[in-house]
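User: I would like to go through the reasoning behind the labels given to this structure, setting each value against its cut-off. Could we begin with a helix?

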Amino acid sequence: MNNKTKNGLLMIVSVVIVLVVVVCAGLTCLSWMEKSKEEGAVEAEADLADVYTYEDILAAKEEGRQELLDEIRAKIEAGYNATGALRQVYADTDEILVVTDGGIVFAPVSENVAKSTFSQDHLQVLESGEFQYVENGEVTSHKGIDVSKFQEEIDWEQVAADGVEYAFIRVGIRGYGSGALVEDDSYETNVEAALAQGIAVGVYFYSQAITVEEAIEEADFVLEAVGRYDGITYPIVIDIEKVGEEGARADALTQEERTEVCLAFCERIAEAGYTPMIYGNTETFTLLLDIEQIAVYDRWIAFYDEVLCFPYEFSVWQYTHNGTVAGIDSGTDLNLSFKEW
């Protein structure tokens, strides 16, 4: 570190500054806790990246250390939460900052996976809070939603009038406790009504498969439901994120096991002539799955911030879970897609 003879006072001041900032922002960067042998999935994740404690973050850049602290502070004072500020500070490095159960992880960015061409300069945030992507004065993104029975009764005519071009409709789930396959109560109603309004339809399935065989079973379940309709042209999506609750049957999967499950589902969907897609957040695509093995498939990233810090190519961005859409009374997931199917 610089000027070690002076760092008695500097270290105290620096640490106090960052402590105040982080406490005010409501973020505590926890130390990575020791995991028992039974927590194989977490051990597998820890093998993938260096896990930094609070002190490690302070010392991450030996040169220009004070500049780092000033930059973090300035971003928080500008309105970003502590996690968002840290992500932006490290956005131009060869690592991606991931918030996970144990704290903050700096995961390496693979050189073998296509990088995102998304430019923050092209993002516009409208007065309504909606996002759109504009290139050369033209909106090139597409407005979409994803819904399930939790949105209750939907007026799809109003949804279409509000400019929604496509909808990902939940087809079902595998119970994370029972393991039973269950069709969403509103699946048929939503698909039929959306198609009747000329809205493009894709579907998603909340997976809790723990074996390749179960993944294929889930894919076949979805294909049967999708096969009832001729107009489902958008991707069939596997949602393979962690549940994070006691008894969640898939949370203990290793990265290798979860990747195998994901690939089995996607391959089955592709074989049936549909487009597979994978939904997840930064943890999903950096720690839970082997990004290099699944790189061939479209990705749908969930990232709730105006500044998107995700290094890999993606097709859909879910930017809020609490959007407002005409015809839907409750908060709704809003999405931008950067292609059509």
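**Labels and their cut-offs**

Analyst: In helix α8, the buried residues are Glu-214, Ala-215, Glu-218, Ala-219, Val-222, Leu-223, Ala-225 and Val-226, where buried means under 20% relative accessible area, exposed means over 50%, and partly exposed lies in between, with a 1.4 Å probe and protein chains only. Helices are DSSP runs of H or I with at least four residues, strands are runs of E with at least two, and both are numbered from the N terminus. This is a predicted model, in which local features need pLDDT of at least 70 and side-chain atom pairs count only at pLDDT 80 or more, while totals for chains, interfaces and linings use all residues. Residues are numbered from 1 along each chain as its sequence is written, and side-chain values use heavy atoms, with hydrogens and water left out.

User: How do you know that the span of α8 agrees with what is expected of its 15 residues?

Analyst: The expected span is 1.5 Å times one less than the number of residues; for α8 (residues 212-226) this gives 21 Å, and the end C-alpha atoms are 21 Å apart, so the two agree.

User: Why is the pair of Phe-118 and Phe-338 called edge-to-face?

Analyst: Rings of Phe, Tyr and Trp (its six-membered ring) pair if their centres lie within 6.5 Å, and planes under 30 degrees apart count as stacked, over 60 as edge-to-face and the rest as tilted. The whole structure holds 21 aromatic pairs. For Phe-118 and Phe-338 the centres are 6.1 Å apart and the planes are at 85°, so the pair is edge-to-face. The two residues are 220 residues apart, with Phe-118 in the loop between β3 (103-108) and β4 (123-125) and Phe-338 in the segment after β15 (332-337).

User: What makes Phe-118 buried and Phe-338 partly exposed?

Analyst: Phe-118 has 18% relative accessibility and therefore counts as buried, whereas Phe-338, with a relative accessible area of 25%, is partly exposed.

User: Why is there no disulfide between Cys-266 and Cys-262?

Analyst: A disulfide requires a pair of cysteine sulfur atoms within 2.5 Å, and the sulfur of Cys-266 is 4.3 Å from that of Cys-262, its closest cysteine sulfur, which means that the distance is too far for a bond. The search of the whole structure finds 0 disulfides. Cys-266 is also buried, at 0% relative accessibility.

User: What makes β4 and β6 edge strands?

Analyst: Strands pair if DSSP finds at least two bridges between them, and 2 bridges join β5 (residues 131-135) to β6. The open sheet has 3 strands in the order β4-β5-β6 with antiparallel pairing, and β4 and β6 (138-139) each pair on one side only.
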